[in-house]
Amino acid sequence: MSEEYRYDYRTVEGFILSAIVWAVVGLVVGLLISIQMFAPAFNFNAWTAFGRMRTVHTNILGFGLGVGAIFGIAYYITMRLTKRPLVFPRLARVQLWLFNAGIALALVTLAMGYTQSLEYAEMEWPLDVAIVILWVMFAVNVIGTIIVRREEQMYISLWYLISTVVGVAVLYIVNNLSIPAGLLKSYHLFAGVNSANVEWWYGHNVVGFVFTMPILAMFYYFLPRSTGLPIFSHRLSIVAFWSLVFGYLWTGAHHLVYTPLPDWIQTLGIVFTLFLIAPSWGSVVNGYYTIGEDWSKMRTSYLAKFFVLGITFYGLQTVQGPTQALRVVSQLIHYTDWVPGHVHMGTMGWVALTVTASIYYVVAKMYGTEIYSEKLANAHFWLVLVGQIVFSVTMWITGIQQGAMWKATTAEGTLKYTFMEGLVKNYPYWHLRALGGVIFIVGMLLFVWNVLMTIKKGRELEAGGRAAAPAAA
Amino acid sequence: MAGEIYKKPIAFTLLVVVTVLAGSIVMMAYPMMRPDMHPKLETLKPFTPLQLAGRDLYQREGCVNCHTQTVRPLKSEVLRYGDYSKAGEFAYDRPFLWGSKRTGPDLAREGGKRPDAWHLAHFENPKAMEPRSNMPAYTWLKPAKVDAAATKRHMDALGLPYTAQQIQDLGQRTELDAMVAYMQWLGTAVPRKLSGAVVALEAVNPLAGNPAAIARGAKVYADKCAVCHQDDLKGMEGAFPGLLEKDEFLEEHPDMADGAYFVLIYGGSDAKAIIGRKGEPGGGMTAFGSELSRDDIWSVVAFIRSERAKQR
């Protein structure tokens, strides 16, 4: 392996380690807010109150863990698929440091209450500027490296990475346009109904272009890599890719069903949301037929089950989501705990399984070694699987109950339950949800330990290798 | 030909840009150019400096993470919260604060629903008003003064009208005052009206004198009414009227019928106009129509009547 690669792999590793650190922070905050739901005494002071911590939780996990891992793994995939190092390795290294500074500042400013109050775009405008700079750095390196690639054909994963680069740029810049009113205060450029429409066009698609496109890039790369099975259908992946990239941008209004947003936008959003089942399941079917060529890989490759369960939750998620968009379902479950149940099947199921398995593959491969412990990885798998299912299922049950209690009326035409009567019914489910969170976090800590030990082992091997063959380079 | 695109990264990227923009233009950019995305009710008033300061605090504390501000046009929502939200109510909302989760109740129609004193006490300690509430106690709002200079800057950024006096007065107000002022602004662009089934003003209490009902009424009173009107029904000087003798309303209308009592408890301040009492700006009586059953309300009326009888 050339020195240039080794240098770039250090950057990949830097992103992976950063993502892991932010994962621990974000998960602990997640556990805290899940406890605050039933024990308000855990709102210790202004900084740690639920309203601020919930934002910290989503931002640190979405942008710290999610985007951090995406940066690292995207660079790894790009280098492998273009058969060359990054075009601007030093720029990537600067990006790594800027990324960590940005997430640290996000953590502090959000805890201090500096927020734009736009879901998943809470960071105030100076941080938005930093994020745009980060994204340009990322775009230049990914697309630049692809342009000067040494492999003519662009593999599926590169399509998804390019769409990530483009999609996030468009979405993030438009939704964060604001009127600055101080160093850490701004007001959305858009007002009222229009503000809502822009935000959910962004909010839904940031899920699409951060938690779907790059994760699919990983799935299409690492599933064949870790099983040795080629992707079942190239043609299917082409159809699925273009229809997903096309369809996603039309769907955000399903977050605004029954709000004052003009009906035609809501309806068109719902229609395209239903359409989106097809491309999503295109990838699900492709994944299943791929592993279907040899199911024994589920036993023999410890990573296969992460990817197969991951794509399974992606499949469930992309049927549940469109179902929720239907007006008749939306009126029951919207605004209830069903929604966090839905979100966490995507993040704790699909995203976490795929990303952690990709990281296992990458850290071992970078050092030309094996994972520190497959046993620990298996324990990690089962714990996060159980933790996530406990979390999601309890939230679905209580969400339906909540929605039904809000809607129930008596024969006289009055409401059957007060709001508080509905709220207290959540408490047992909120306890169970926190328990699910604990199980999940234990699994994730095993993952963190396993990755760190693999890197330690890799570095020792590397040091040993150099000592043994100093003239090899 | 079609397969060539996967060998041409620049063309591929441009094609992705076009594909991404298609839906974005139809769903996000085009609607912006339509007037129905920029409606404004004539009754909608811009924020005063104190109300904007309160809204800034609502943003700072992340209230939007647990409270929505949009009443859906569903029967149960209109019953619970009031008239469904209109597009023209949000012209000054940058950003919109409709939220996506109702851990707590919707606040779109909160303005005027409860007295200021209720909010002041509730922010300090929600459990005092709702024992099983999971809302954090916002104890840090009361000791902090509103940042007048920042609020002025924010008013300027939004281009909202204000007077020098209003800004000067801000310095004396606490963050809690500002938050409550914002609460009382919410949803006031749409005139409130009583919704749902209400009895005739002259109706007679079907549970009058019923001992079981009086006992039930005492329990409901302790749960819902005593926070303001106090355990002894004597109220709190200057904030909540007593219900036994000093109620100004009773002085004006010594023979208030059971039905009028019912309507007052059901509709709160909104009912005052119907039964001939002037409503107070900035809140007054809480409406319990969405929280109590008919029998509960009649029981409370029976309980209050029996307590008054004991006084004589």
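Domain bounds here come from an automatic or database domain assignment. Keep that in mind as you start with chain B, where the assignment gives domain 1 (2-37), domain 2 (49-185) and domain 3 (211-311). Colour domain 1 of chain B and domain 2 of chain B: their C-alpha centres lie 39 Å apart.

A word on what you are viewing: this is a predicted model, in which local features need pLDDT of at least 70 and side-chain atom pairs count only at pLDDT 80 or more, while totals for chains, interfaces and linings use all residues. Residues are numbered from 1 along each chain as its sequence is written, with chains lettered from A and ligands numbered from 1 in the order in which they are written.

Next, select chain A and show it as a cartoon. You will find 17 helices and two strands (DSSP runs numbered from the N terminus, with helices being H or I of at least four residues and strands E of at least two). Turn chain A around: its C-alpha trace spans about 90 × 55 × 50 Å along the principal axes. Of its 473 residues, 58% count as buried, meaning that 20 or more other C-beta atoms, placed from the backbone, lie within 10 Å of a residue's own.

Now show both chains and go to where they touch. The contact takes 73 residues from chain A and 71 residues from chain B, two residues being in contact if their C-beta atoms, placed from the backbone, lie within 7 Å. On the chain A side, select helix H6 (residues 192-211), which gives the most, with nine residues.

Conventions:
A residue is buried if 20 or more other C-beta atoms lie within 10 Å of its own, exposed if 12 or fewer, and partly exposed in between; C-beta atoms are placed from the backbone.
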